[in-house]
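Got a few minutes for some backbone and cavity exercises? Have a look at the model first, then work through the tasks.

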Amino acid sequence: MLDGFADEGFTDVWTPVAMSKEVGKAPYALTLAGERLVLFRDAQGRVSAMHDQCPHRGVKLSLGKVGKDGCLECPFHGWRFASSGACTHIPLNPMPEEKRRRFAATTFPVQERGGLIWVYTRPGAEAPEELSVPSVMEQPGVHVWHYAETWNAHWTRAMENMLDSPHLPFVHRRTIGGALARRMKPDSKMEMEVHPTPTGFRSSWTLDGVASDAYLDWLRPNGMSLRVPIPQRLMNLFMWCVPVDENHTRMMLVSTRDFLKFQPLAALLDRFNKRILREDQAVVESSYPVESPPVSEERSVATDRATLAFRRWYLERKKRGPSEATPLTEAPTLAS
């Protein structure tokens with residue numbers, strides 16, 4: 001049973017789980033929503049994803065090795081599994097292929113796109129939903145930078161933080177929130193707009209009636225895209241908050257731009273993006289309760305529309321199950 005996905009409201013979704021550069025010749029172990037997975041490549045470099053548990057005695061398959069035939073070999077008794085999950089060999093126990101079928105390993109749909117490896121959180125050969133990857137991550141002439149680190153936080157708290165624009169002039173006063181902080185007055189008013197999109201929603205805002213050129217997109221279930229307004233230039237920051245377990249989240253950052261693409265200036269800007277990410281860490285890790293609670297357990301205001309829209313989706317999905325959750329069609333209405 002793979003109960004971790006359901007426990008985290010994370011069943012039947014596409015999510016990145018690793019950077020392409022992290023998965024080489026050796027099996028790559030990871031934990032996703034409390035479940036152990038292993039990624040590995042065949043001789044042609046194609047990636048596969050399996051439950052990191054041999055069906056024989058529960059050993060981690062990631063401790064094994066990949067053969068020249070692209071099969072993953074269990075380190076305990078040498079059972080071998082193809083990328084499809086089919087058991088191809090059981091040492092000391094010769095048997096026909098049709099009999100070995102009941103010894104198959106559990107696999108997951110997987111794709112490698114935009115420098116990331118994506119897994120669909122339902123066992124099976126094919127995903128019922130098409131993977132949607134931001135086109136700019138695969139656009140020629142665009143510099144794409146990938147980075148990941150793990151925070152001591154539940155993924156919902158991290159995700160809400162990434163969708164929360166009102167914190168920019170406070171947490172990011174010295175970086176991306178500086179311009180907004182300088183415009184703020186004691187009686188300033190921010191107004192939020194949240195509109196559904198095919199991949200989630202888009203939030204935009206005005207400060208004292210002046211609209212921002214920036215906007216945030218929620219990429220359902222655990223992604224965010226921030227458009228950074230630079231005249232005549234393209235720059236987008238993407239973040240995926242990938243649940244490891246109930247207390248840890250892997251923050252996967254992708255920066256895309258059509259300028260400063262070469263060293264050493266590219267490295268300077270990439271380090272700046274890492275600094276922006278880490279400005280959020282202490283605040284997010286301090287959140288209590290650890291998991292985003294029902295709306296009634298915290299005090300919310302009108303500028304929380306985007307985070308509450310995400311929270312409503314998450315809580316309904318977790319309560320009713322992925323097949324019954326109400327799709328997002330409008331942002332929550334809040335009393336002034």
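Three exercises follow, each with a worked solution.

Before you start: this is a predicted model, where local features need pLDDT of at least 70, side-chain atom pairs count only at pLDDT 80 or more, and totals for chains, interfaces and linings use all residues. Residues are numbered from 1 along each chain as its sequence is written, and side-chain values use heavy atoms, with hydrogens and water left out.

**Exercise 1. Cis peptide bonds**

Find where P221 and P289 sit, and work out the omega of the peptide bond that leads into each.

Step 1: go to R220. The bond from R220 to P221 is cis, with omega near 5°. P221 belongs to the loop between β16 (215-219) and β17 (223-227). Helices (H or I, at least four residues) and strands (E, at least two) are DSSP runs here, numbered from the N terminus.

Step 2: move on to Y288. Its peptide bond to P289 is cis, with omega near 0°. P289 lies in the loop between α6 (265-285) and α7 (305-320).

**Exercise 2. Positive phi**

Take Q232 and L260, and look up phi, location and exposure for each.

Step 1: Q232 isn't a glycine, yet its phi is positive, near 65°. You'll find Q232 in the loop between β17 and β18 (235-245). With a relative accessible area of 78%, Q232 is exposed. The cut-offs are under 20% for buried, over 50% for exposed and in between for partly exposed (1.4 Å probe, protein chains only).

Step 2: L260, also not a glycine, has a positive phi of about 45°. L260 falls in the loop between β19 (248-257) and α6, and its relative accessible area of 37% makes it partly exposed.

**Exercise 3. The cavity**

How many cavities of 30 Å³ or more are there, and what lines the largest cavity?

Step 1: count. There is 1 cavity of 30 Å³ or more; a cavity is a set of points on a 1 Å grid over the protein atoms alone where a 1.4 Å probe fits but cannot get out.

Step 2: get the volume. The largest cavity holds about 220 Å³ of space, counted as the space filled by probe spheres set on the points, with grid points joined across faces, edges and corners.

Step 3: list the lining. There are 19 lining residues, with M162, I176, M224, I276 and D280 nearest the centre; a lining residue has an atom within 4 Å of a point.

Step 4: sort by element. α3 (155-162), β17, β18 and α6 each give at least two residues to the lining, and the largest share, 4 residues, comes from α6.

Conventions
1 Å grid on protein atoms, 1.4 Å probe; cavity = no way out; pocket = protein on both sides within 12 Å on 5 of 7 lines; lining within 4 Å.
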